[in-house]
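Student: Please take me through one part of this structure closely, and then show me how its surroundings are built. I am new to this, so please explain each term when you first use it.

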Amino acid sequence: MTRALLSLGSNLGDREQHLRRAVGRLGPGVVRRSGIFETPPWGDADQPSYLNAVLIVADPRAEPYDWLVRARAAESEAGRVRDPERRFGPRTLDVDVIVVWDDDGRPVLSDDPELTLPHPRAHLRAFVLRPWLDIEPAAELPGHGPVATLLAAPDLVDDVAGLTPRPDLALES
Ligand SMILES: Nc1ncnc2c1ncn2[C@@H]1O[C@H](COP(=O)(O)OP(=O)(O)OP(=O)(O)O)[C@@H](O)[C@H]1O
Ligand SMILES: Nc1nc2c(c(=O)[nH]1)N=C(CO)CN2
């Protein structure tokens, strides 16, 4: 049994639809979903703004790598094309595996480049931390501490202020 936090992002095409389809694909595994946020592009400024959200997923049969396989399948279904020239460039759908917890609730740690856990850039990303805090106010990012503390740090203050909740949009249809 594993539980995982997945982050969803889209900034090309019908962004809301891409996020919703990804949720639909994960089906009964989705145990909690955040609201949707409009977020300025991070890491590569010259692209449209994103819609971002996070999901808590759980599956008695899923190993940590299964979440990566499912994330990639959702990206492929959304027609994701990788541009090797632009690491943080625009995309129909990005699904990142942020944290995986084992049966006993312990975080899985991995330095495998195929699946690094926790996600190595999660602590820098208000677009991941803010929706996570909304659904788990006591959340802790393994190795980095409470999400509320990370979001209040000077490095992230501007990014947090740049996020706009989109209550007019929803992950469920
Ligand atoms: N925790 C993780 N979640 C998703 N992909 C990961 C993770 N750790 C390593 N990877 C690897 O990263 C590679 C690049 O993934 P991807 O193209 O989605 O990166 P990106 O979205 O551009 O950047 P970022 O991972 O910073 O969001 C994938 O082939 C995947 O195997
Ligand atoms: N706001 C925002 N910026 C990003 C996002 C994302 O999901 N949201 N994903 C990226 C891929 O690594 C790069 N930049």
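Tutor: What follows begins with one helix and then moves to the ligands and to other parts of the chain. Residues are numbered from 1 along each chain as its sequence is written, while chains are lettered from A and ligands numbered from 1 in the order in which they are written. This is a predicted model, in which local features need pLDDT of at least 70 and side-chain atom pairs count only at pLDDT 80 or more, whereas totals for chains, interfaces and linings use all residues.

The part to look at is H2, which covers residues 64-77; helices (H or I, at least four residues) and strands (E, at least two) are DSSP runs, numbered from the N terminus. The 14 residues of H2 should span 20 Å at 1.5 Å a residue, and the end C-alpha atoms are 21 Å apart, which agrees; the expected span is 1.5 Å times one less than the number of residues. A residue is called buried if 20 or more other C-beta atoms lie within 10 Å of its own, exposed if 12 or fewer, and partly exposed in between, with C-beta atoms placed from the backbone. The buried residues of H2 are Trp67, Leu68, Arg70, Ala71, Ala74 and Glu75. They cover an arc of only 165° around the axis, which puts them on the same side of H2; the arc is that of the directions from the helix axis to the C-beta atoms. An α-helix has 3.6 residues a turn, so residues three or four places apart point the same way. On the face turned away from the buried side, H2 carries the exposed residues Val69, Arg72 and Ser76.

What does the buried side of H2 pack against? Its buried residues pack against strand S1 (2-10), helix H1 (15-26), S5 and S7, where a contact between two residues means that their C-beta atoms, placed from the backbone, lie within 7 Å. Just after H2, glycine 79 takes a positive phi of about 75°. Most residues other than glycine have a negative phi, and most peptide bonds are trans.

H2 also takes part in the surroundings of ligand 1: together with strand S5 (94-101) and strand S7 (115-117), the helix belongs to the elements that each supply at least two residues of the shell. A residue is near a molecule or strand if its C-beta atom, placed from the backbone, lies within 6 Å of it. By that rule 15 residues surround ligand 1, and the closest are Asp96, Val97, Glu114, Thr116 and His119. The shell divides into 7 nonpolar, 2 polar and 6 charged residues, where Ala, Val, Leu, Ile, Met, Phe, Trp, Tyr, Cys and Pro count as nonpolar, Asp, Glu, Lys and Arg as charged, and the others, Gly among them, as polar. Beyond S7, proline 118 lies in the loop between S7 and H3, and the peptide bond from leucine 117 to proline 118 is cis, with omega near -10°.

Ligand 2 has its own shell, and the residues around it include Gly9, Trp42, Gly43, Asn52, Asp94 and Phe127. This shell divides into 6 nonpolar, 4 polar and 1 charged. Glycine 43 belongs to the loop between strand S3 (37-39) and strand S4 (50-59), and with 12 other C-beta atoms within 10 Å it is exposed. Glycine 43 and leucine 124 are 81 residues apart in sequence, yet 10 Å apart in space, C-alpha to C-alpha.

Phe127 from that shell is also one of the buried residues of H3. H3 is mostly covered, as 8 of its 10 residues are buried, and its buried residues pack against S1, S3, S4, S5, helix H4 (147-152) and helix H5 (154-161). Within H3 (residues 126-135) sits proline 131, which counts as buried because it has 25 C-beta neighbours inside 10 Å. Leaving aside neighbours within four places in sequence, proline 131 is in contact with Ser34, Gly35, Phe37, Asn52, Ala53 and Val54. In H5, leucine 156 is partly exposed, with 17 other C-beta atoms within 10 Å, and its contacts, again leaving aside neighbours within four places in sequence, are Ala126, Leu150 and Leu151.
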